[in-house]
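Me: Could you take a close look at one chain for me, and walk me through how it is built and what it touches? I have the model open, so feel free to be informal.

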Amino acid sequence: MDRDFRHEADAVLMRPIFERPKYFYPLLGFLLSVIAWAAYCYYLQFNLGLGVTGMNQPVSWGFYVTNFVFFIGISHAGTLISAILRMTQAEWRRPITRIAEMITVAVLGIGGMNVLLDLGRIDRVANVFMYGRYQSPLLWDATSITAYMTASALYLFIPLIPDIAILRQHATGWRGGLYGVLSLGWRGTERQQKILNRCIGFMAVLVIPIAISVHTVVAFVFSMTLQPMWHSTIFGPYFVAGAIFSGLAGLIIVMAVLRWVFHLQDYLQPIHFNYLGLLLLVMSLFWFYFTCAEYLTAYFGNEPGEMRVFWSKMTGEYAGYFWLMVMCNFVLPLPLLVWRRFRQVTGTVIASLLISVGMWLERYIIIVPSMANPRGDLLEKGHYTASYVEWSLMAGCFALFVLIYLLFSRLFPLVSIWEAREGREKTLEIVAARVERYKLGEGRLKEEQ
Amino acid sequence: MKLSRRNFMLTTATGLGAWGLQACRGRGGAEAIKAVEQWKNQLKQTRFALCDGCAARCGLNCEFVDDRLVGIRGAALHPVNQGAICPKGLDLKHQRLDEDRLRVPLRRKGPRGSGEFEEVSWESALTQVTLAIQSSPQATSLLGGQYRGSTDDLFQTFLQALGSPHYLRLRCLQPELPGEHLRRMQGLDSPVAYDLAGAKVVLSFGCNLFEGWQSPLYQARVLAGDTDLIQIDPRYSLTASKARVWAAPHPGTDGILALGLANILLREGLYDAGFAHRWIKGFEADQTDRGPVQKGFKNLVLQGYGPERVEALTGIPARRLYQIAHLFGGGGPSVALAERGPGYGQRDAYSKMAIHSLNALVGSPGRVGGMTLQARPPLTPLGPALRADNDPLSALEAGEIKTLLLYRSNPLYSSAARTRWAAALDKLDLLVSFATQMDETSRQADLILPDLHSLERWQDDVTLHQAGVSLYSLSSPVVEPWGRGRASEEVVLELARRLNLHSLAFPDYPSLLRLRAEGLFQARRGRIPQAREDSEIQQLLMKQGYWQAQYDDFASFWTALQAQGVWLDEQASYRGRAHLMPQGNFDLRPLLQEAKQPWVAPLHRGGLLLVSFKPFALSGGRNANQSRLLESLAGPFGTAWEGPILLNPTTAKARDLRTGDLARLVSSRGELVGPVKLTEAVGPALIFLPFGLGHEFFGKRGSGRGVNPNHLLADFGPNLVGHSYVELSKVEAG
Amino acid sequence: MSRWGMVIDLEKCNGCEACAAACQAECNQPPVGESEARMGRKISWLKISEELTGKFPDLHRRMIPQPCMQCDDPPCVRVCPVHATYLGEGGIVAQIYQRCIGCRFCMAACPYTVKYFNWYNYAGGLPAAEQEAMNPEVSPRPRGVVEKCTFCHHRLLLAKDQARLQGNDPARAVYHPACEEACPAKAIYFGDLDDSTTEVARLAQSHRASRLMEDLGTNPKVYYLARKENHG
């Protein structure tokens, strides 16, 4: 105990925990003031009513629902990607998984919170439990988000146990107590390690269908209604693909920021950005494919209600948003991700930033134009401009995300220490053994001999 | 079972609950429920009131719970609306509660128009008015707006008693008086009732039957069936959209269009030759006259108003003229309406007579589905009538008037001759306003003696313009007055007492009304409708000529009249042609005279013509402060809370205007700036502007909202015209 | 059991908005004020849309009053998470204001956009005197909940009470909503669609009758009568 962590291998991963960074309090103060302002705005909304937003009739959903879908989308970055990488035993996953999982946990809560922000009567939220109707897609959302939240939190925590045990050796005071409790008596025995690996494996399998269900039912909120351009079977997969897409972009941005702030260049290497960039490229193509499928189907169907929404996006009031979205999600990122030259840290981060904006816009123009152009020739068109309250609460959401990450970084290592060690010590063996098993053509040769 | 504490509690609670339930069910539960229901049903009380929302004067049933006015419904037994109601009537409930209402007497403190007033006592205010009138009673005058009934008679008697000849009225519709054309062509002194219910074809020249003309609810009811409505109106109004045929002539050319129709009727023999022969004077060329031969109507129309020329002048295609003429002259009872409120432009008299000549051609006077005359209800007269002067501005400018009482009139807002009015009013020694809202003219007043809200005072009304029924309506106050206002009738009676005018020696206004109603009771005709079922039997009996007394004495008659609010006589329609043409003929010669007059201004030129109209919600004229009505201003008229400039999209495109942009309108008389709304319902060379908003002063919500078309409209004398040429340009934002 | 329905004769309707105003007065829908109305937050359970076709001067206009369509298969009911809106007695789509959590999912789901939201405390913000003048039969809605046309359900309850008092069968009680009562042109018919003797049932079967967005399968109980054939 009480050994100086600096003598440990991977000391750089523990530094932010034991040495308070210079910027910690200023940043904390800034984030808290943004959140305080957002809380004040919410207080106004709570006191006066949703009238302080820009929502109206017929655009009765706006920023909050957009943010809900957006944040839930980002949350796919984490657990889903990490689970897939773990299951496919991608070796380069090791420094990424924790960062990704933490994004999920932080952002999922924020996404869910946006639904609560959107409620006219938050004081009656208990009615959802008392009188809940399972026929309503909103209840499906509540269920699958809760399940995903629980699974993700567990999935974040289980691989954290060995690291906490490592930290326990260096921590004093309240930290020591905390780590003592949280390490759950981890001693790193073979049996413990085996159970841990099985748990991780089990959770990885469990998390994938839950994650897919989450964004599918988020899409169902829209596609289960009759509204033009919402009532479409493609919405489920389209939302899932979009979620992974935006989630990857979010992950790349967070990784770049952490790499720069915490000097993790040794761990988060260009190769990681390169691989994630490739994934992003694939998802960008997927996104483009889904978008084409959605809009082409609507266009050829030529259903009057849908066409009003369609043209409002193509050439009308929302054309600016639509084409900016296409630029941000496809046209601009494509060259950045295709050419190896650009698929470096900077290139992928720029692409990711563009995609984050683009995906937020996508959520926005899925929701608002359909509501603003109700079915039927009679009904008046609506307009929507978000009010300062909505902007403030959105800023608050981002600040809250950074705050959660900041606090997490002060408590737990952002890169899994034990996995990094395992990677250093055993990877070559494991991979060699694995590759040995499927050396191409060998089996046949052996048989022939 | 082990008796733990928990179990004991549970058992006790369950037992108590079950016993309680049983007790409720067993003992008197049903009766208790029944008692509550009975109480609930009896809670609501209904009191009759006359609607003051517009000149139609519908009957209302005001519903009260614990003396709170909680609802207003149309009175089913009132012949005008028969249970229907419109937004203005519904909103009386809230109009009464308008916090901007004037509720105390005010005296001007600063200079005229400064808007500085101080609260004064009624005594002090009345003394001031009494002294002013006493100093020169003949120079006292009253300027009235839209009202009828005993109020009108009271004012006439008051001025008569003072020896003043000046009874001024300013309004666009005069439902209780015959139009000028009816006076000159038929010699009538009572208004004509058009039998819209019996007509098969109704040809309306700009009368907004469903929006503001006479009794919109009555017209909506009787014209909703199979009647063919032909609407002639430059504006595609709501009325026009319900018409079988709508034609949009150039504004001001209605008379030419009418004579164009007459041309077709005459050429195709689609007119009532018998009627023409017997009744029409000036039909054929006048041969009895020595000297130059007087051209007849037939020559005039056949020579001067061929379809091609009329098409060129009015813009209505000849085939459309034929369509209208064939429909109108098709044999079914048809009637033409020449009673557009704001008149027909610079040649108003000519246009009205030209349109009215169509009634002569189809012989509509006295015919079912044509024109009838309703007898006046036999109210006890107050005194000799005093004909109102319908050119009040000239009378005021003549300078003979020193004291002016202003009742329900706001000329500084509602007249196109605003500057002339301001100058004329400034010459007065004392301007007393009875207004309930601080409007433009009242701000110029020296004294404001606020009237009560209509639901707070006694009201009555005589309706003669609804064919088939002579109607007297009366309503007592249904709610307590708010503030220290007084009914203007009471104020006039109080002045009469102070001035010792013996012809008006009534202790209060209700006793005056009571005296008037005695005439009804003694006339041995008419009835007070009690319930729908009764009325059919009674109606049948009365149609057979039986009259049966409903009440033994006047006291019970008076009580019933107050409760029901209606006295009516269905047997008082005069369909005899001699009645409808007291002068013995239908004289077309005044039309021939008018037709010779040249047009002052060109009929139409290239520019944009501004046409004003009244949206139904604001047709009461004093609605600009009613939030519910302002909020309902959507639909084809504009946007909620706004009275936009309505433009055709092509007109707008040429000036790069889109809905919501600000535009400037400039006429020879002034300019204004307002938001535009594009609609195909407006012709390309026209601009429509709603009337009823654009007050400088009219309460919190009414002031500075929308635009007042009067700032642009040409001033053609006493007749409101409603259109004017304007320039339109975009106002750049910023 | 009755199935209440409405038939609106568009040939008769002249767009006077009396029905909308009567509805607002009867069911205590407050004016939302200028800035709110401009944002499109006007509350009018029965809204009237203008359908204007053609080019000047060959125009055709219909004014189309739209209350809640009282669908037999209401999309709003399907999505409500808390059972605050449901298909109630006599086929009337009801809204429980005290349970609604204000998620506005029903508004998003309603293709007719006839559900309205209390963005602010509109009713409670009225002057005390105006609150006193509200119709006591209809509860004013608090901020943050969705509201809608109830087919004047409170009048049905009253009619049933009256039937009970008079010893009649409350299930056969007949009533009339405020809009029908106010209509000057008598363009609105109301009654039991399942009772073949009613005018409403007869008109709903007429060849002139159609419903808005019939193809959506929402099965509305508000019918519209189109223009008569003999009219050009």
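The part I'd like you to look at is chain C: how much of it is buried, and what does it touch?

Reply: Sure, and keep in mind that this is a predicted model. Of the 232 residues in chain C, 56% count as buried. The chain has eight helices and ten strands, and its C-alpha trace spans about 55 × 50 × 35 Å along the principal axes. Its radius of gyration is 18 Å, which agrees with the value near 17 Å for a compact globule of 232 residues. As for how the chain folds back on itself, take the contacts between residues at least 6 apart in sequence: 61% of those join residues at least 24 apart.

Now for the neighbours. Two pairs of chains touch, and the pair with the most contacts is B and C. On that side, 47 residues of chain C meet 52 residues of chain B. The elements of chain C that each supply at least two residues here are α1 (18-26), α2 (34-38), β2, β3 (58-66), α5 (128-132), α6 (153-165) and α7 (178-182). Helix α1(C) gives the most, with seven residues. By class, this side of chain C has 25 nonpolar, seven polar and 15 charged residues.

Turn to chain A and you find 37 residues of chain C in contact with 37 residues of chain A. Here the elements of chain C giving two or more residues are β2 (47-55), α3 (75-79), α4 (105-109) and β6 (115-117). Helix α4(C) has the largest share, four residues. This side of chain C divides into 23 nonpolar, eight polar and six charged residues. Strand β2(C) is worth a click, as it is listed for the side that touches chain A and also for the side that touches chain B. Chains A and B, for their part, do not touch, and their nearest C-alpha atoms are 11 Å apart.

What sort of partner is chain A? It has 19 helices and zero strands. Its radius of gyration is 24 Å, close to the 22 Å that the globule rule gives for 449 residues, so chain A is as compact as a globular protein of that length. Its C-alpha atoms fill a box of roughly 75 × 65 × 45 Å along the principal axes, and 47% of its residues are buried. Of the contacts in chain A with a separation of 6 or more, 81% are between residues 24 or more positions apart.

There is also a nonpolar core to look at. The largest one has 410 residues, and those with the most contacts inside it are Leu248(A), Leu251(A), Leu261(B), Ile687(B) and Ala22(C). Helix α11 (residues 235-261) of chain A makes the largest contribution to this core, 16 residues. Over in chain B, Leu261(B) is in contact with Leu321(B), Ile324(B), Ala325(B), Phe328(B) and Leu358(B), leaving aside neighbours within four places in sequence.

While you are in chain B, look at its open sheet of three strands, ordered β1-β2-β3 with antiparallel pairing. The edge strands are β1 (44-50) and β3 (68-74) of chain B, and neighbouring strands are turned by 30° against each other on average, ignoring direction. Seven bridges join β1(B) to β2(B), residues 59-65, and Gln45(B) has Phe64(B) in β2(B) as its bridge partner.

Technical notes
Residues numbered from 1 in each chain as written. Chains lettered and ligands numbered in written order. Predicted model: local features only at pLDDT ≥ 70, side-chain atom pairs only at ≥ 80, totals over all residues. Core = buried A, V, L, I, M, F, W, Y, C linked by C-beta atoms within 7 Å. Buried ≥ 20, exposed ≤ 12 C-beta atoms within 10 Å, placed from the backbone. Contact = placed C-beta atoms within 7 Å. Pairing = 2+ DSSP bridges. Axes fitted to C-alpha atoms, helices over the stretch in contact; angles between N-to-C directions. Nonpolar A, V, L, I, M, F, W, Y, C, P; charged D, E, K, R; others polar. Rg over C-alpha atoms; globule rule 2.2 N^0.38 Å.
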